[in-house]
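Trainee: I should like to understand how the descriptive terms applied to a structure are justified. May I ask about them one at a time?

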Amino acid sequence: MALYEQLKLVYDQGLHSNVATLANMILTLSDSNSEVLTYSTKYQTFVFYGDALLNLKEFRKAETMFKKALQFRKSLAKTKGKAQPFPQGEVSSEVDVKYKAHLCLVNMKQYSQAASILDSIPAKQRNPCINMALAKINHLQNGNERVAITCYKEVLRECPFAMDAAQGLLSMGVKAAEVAALMISGSLNAANIDWLSLWVKGHSHIQAKELSLAISSFKQIDMKTHLRDSTDVLVYLGEVYYYSGDFQNALVVLERVHCLDPLLVKGMDIYAALLGKEKKLKELESLASRLISINDKVPEPYIAMGYFCLAIKKGTKAVNFAQKACNLAPYYIESLLLKATVLFELKKTQDALSYFGEAYKISQYRYEAHKGLVDCYLAMHRTREAIAIASTACKQLGQTARGLTLYASVLMKDPLSADKAKPLLEKALKQDPTYLNAVYLLAAVYEQERLYEKGIELLKKHMEQQTSCRLHQMLGDFLARTNEHEKALHHFSIALNMDPTNHKAVEGSQRVEQQNPESSESYEVDDIADSENEGDLEESEVEAVWSDVEYS
């Protein structure tokens with residue numbers, strides 16, 4: 001017993017490597033001398049040994065020790081005439097040991113076995129921790145939503161404010177009213193939970209792809225409740241802005257989050273993506289370095305590093321960081337989208353298609369997954385499949401400006417369907433009059449149909465609301481077409497002031513100066529439709545970031 005007491009002392013002090021060494025020795029001694037350990041202390045020594053190995057991240061060996069502990073306990077239970085060898089409260093319960101064994105299996109990505117060992121625990125013996133673990137495995141890994149919903153509900157019945165359990169239910173389509181009913185307790189001060197119904201509604205709206213309503217809910221929490229400046233709420237608000245394509249507001253919100261809590265990792269991968277879009281490379285590099293130093297065991301830091309490497313034309317490193325993120329979280333949507341994007345830009349189209357497909361299966365509400373599939377099929381000259389995916393995007397994402405514009409951009413590549421693009425673009429601009437991608441594409445349609453006056457009217461109208469280099473460059477081309485040379489030069493000049501590297505504005509200006517406007521080229525749909533914001537739409541800037549990326 002003296003040796004066991006020493007082992008317990010070392011274990012209680014958290015000296016894991018010492019526990020592993022001493023436990024191994026004691027178990028070896030007990031094999032040759034049965035008096036070294038009693039039944040209960042031998043069982044507990046197996047548990048101490050496994051726990052130490054689990055903390056040392058030796059998952060396979062730890063799982064073996066937990067299995068030996070369970071087998072030893074089971075063999076003794078079957079032995080007739082033995083006194084009860086496990087005094088209650090003095091040794092780890094069978095439930096605790098099974099939970100720890102499940103942790104080992106999860107870390108080894110053996111999810112089916114992990115679920116199986118938790119399933120072997122009788123329902124009446126499952127605590128919220130066991131039910132939460134079962135819910136997550138069945139929800140995120142095994143795809144058994146019925147079991148996951150049951151387990152999440154059990155968690156909320158005992159712990160009404162288990163927020164991840166509530167969010168898990170909402171993500172699987174459980175009604176907001178039902179989730180709220182499980183969470184509300186009469187003993188709580190109503191003034192302190194005035195935000196709860198909005199929080200539940202916000203996540204419910206995300207699941208229903210009602211992004212504008214989700215934004216409204218989270219904004220109300222921030223502006224009208226005592227949860228102002230809650231980084232958790234703001235991260236969701238920033239992410240929903242991002243999902244909806246409102247990158248400017250998403251950047252503002254997530255920048256605010258980063259200032260409020262510089263040590264926060266959650267949501268910073270999307271912040272990194274936005275910094276990359278805005279070409280804010282110094283801020284992106286600083287963010288990525290900071291995230292790695294905070295926590296290198298989660299995917300967000302590696303995603304941030306991936307976007308930084310992508311922006312500085314380090315394609316191989318970007319792929320490696322994306323793969324590291326995927327290894328840490330195989331089903332994490334941002335990891336999959338980053339790797340798919342990098343592979344596509346590196347012309348690894350078939351591989352990119354596979355990753356975009358995985359992202360699509362996990363999050364069908366993400367526009368990036370739909371667009372990635374469309375881009376891959378177009379690159380493979382499979383226009384019919386691209387049209388089918390874009391059509392599905394409109395149905396699954398709702399009749400949003402982005403979805404309609406994506407569909408129109410694909411239809412324009414098919415001569416038999418091109419005439420259907422214009423009404424879709426007009427509908428997109430009714431949905432969102434500020435969506436520039438739709439403006440650019442509709443102007444391209446007018447150019448192809450030689451409706452120059454309508455093109456000029458469209459571009460001038462949108463110039464009253466916002467300005468961009470491409471708007472001025474396109475207006476210059478239209479004016480040149482109608483022989484308004486001085487006005488054309490004026491707009492080309494503005495475009496070049498905004499971006500001196502815009503080669504189309506340079507070429508247009510040179511043509512006008514040579515008084516040969518008829519030689520101007522038609523717009524290419526690829527130049528207009530394949531990007532998400534103004535920064536992306538500048539072809540020269542795209543070349544600066546992507547054209548030299550190599551895969552080796």
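Trainee: Why is D12 called partly exposed?

Mentor: The relative accessible area of D12 is 46%. Partly exposed covers the range between the buried limit of under 20% and the exposed limit of over 50%, so D12 belongs to that class. Please keep in mind that this is a predicted model.

Trainee: What makes the contact between K8 and D12 a salt bridge?

Mentor: The closest N and O atoms of K8 and D12 are 3.1 Å apart. The rule asks for a Lys or Arg side-chain nitrogen within 4 Å of an Asp or Glu carboxyl oxygen; the pair therefore qualifies. K8 is itself partly exposed, at a relative accessible area of 32%.

Trainee: Where do K8 and D12 lie with respect to the helices?

Mentor: Both are in helix α1, residues 2–12, at a separation of 4 residues, about one turn of the helix. An α-helix has 3.6 residues a turn, so residues three or four places apart point the same way.

Trainee: How do you know that D229 and R256 form a salt bridge?

Mentor: Their closest N and O atoms are 2.6 Å apart, and the cut-off is 4 Å. This pair links distant parts of the chain: D229 is in the loop between α12 (211–224) and α13 (231–243), while R256 is in helix α14 (residues 247–260), 27 residues apart. D229 has a relative accessibility of 36% and is partly exposed; R256, at 26%, is also partly exposed.

Trainee: What makes E484 and K487 a salt bridge, and how many salt bridges does the rule give?

Mentor: The N to O distance between the side chains of E484 and K487 is 3.3 Å, which lies within the 4 Å limit. E484 is partly exposed at 26% relative accessibility, and K487 is partly exposed at 44%. Elsewhere, D222, R228, D229 and R256 are joined into one network by salt bridges that share partners. The count under this rule comes to 22 salt bridges.

Trainee: Why is N138 called buried?

Mentor: N138 has a relative accessible area of 6%. The threshold for buried is under 20%, so the term applies to N138. N138 is placed in helix α7, residues 128–141. Apart from neighbours within four places in sequence, N138 is in contact with G143, N144, E145, V147 and A148.

Trainee: How do you know that the span of helix α2 is close to the expected one?

Mentor: Helix α2, residues 16–32, has 17 residues, and its first and last C-alpha atoms are 25 Å apart, against an expected 24 Å at 1.5 Å a residue. Buried residues in α2 are V19, A20, L22, A23, I26, L27 and S30. Their cover includes α1 and α3 (39–55).

Trainee: What makes the arrangement of α24 and α25 describable in numbers?

Mentor: Two packed helices are described by the angle between their axes and the distance between the axes. For α24 (residues 421–431) and α25 (residues 436–448), the axes come within 9 Å and cross at roughly 145 degrees. The crossing of α24 past α25 is left-handed. On the α24 side, K422, L425, E426, A428 and L429 take part, meeting A438, V439, L441, L442, V445 and Y446 in α25.

Trainee: What makes the phi of H381 worth mentioning?

Mentor: Most residues other than glycine have a negative phi. The phi of H381 is near 60 degrees, a positive value in a residue other than glycine. H381 lies in the loop between α21 (367–379) and α22 (383–397). R450 likewise has a phi near 60 degrees and lies in the loop between α25 and α26 (452–463).

Trainee: Why are H381 and R450 called exposed?

Mentor: H381 has 71% relative accessibility and R450 has a relative accessible area of 60%. The limit for exposed is over 50%, so the word holds for H381 and for R450.

Trainee: Which residues are given a repeat annotation?

Mentor: An unreviewed UniProt entry places the feature "repeat: TPR" at residues 231–264 and 469–502. Residues 231–264 are 79% helix and 0% strand, with end C-alpha atoms 8 Å apart. For residues 469–502, the model gives 79% helix, 0% strand and an end C-alpha separation of 8 Å.

Definitions and conventions: Residues numbered from 1 in each chain as written. Predicted model: local features only at pLDDT ≥ 70, side-chain atom pairs only at ≥ 80, totals over all residues. Heavy atoms only, no water. Helix = DSSP H or I, 4+ residues; strand = E, 2+ residues; numbered from the N terminus. Buried < 20%, exposed > 50% of the residue type's maximum accessible area, 1.4 Å probe, protein only. UniProt positions renumbered as here; feature names shortened; annotations may be inferred. Contact = heavy atoms within 4.5 Å. Expected span 1.5 Å × (residues − 1). Axes fitted to C-alpha atoms, helices over the stretch in contact; angles between N-to-C directions. Left-handed = near helix turned anticlockwise from the far one by under 90°.
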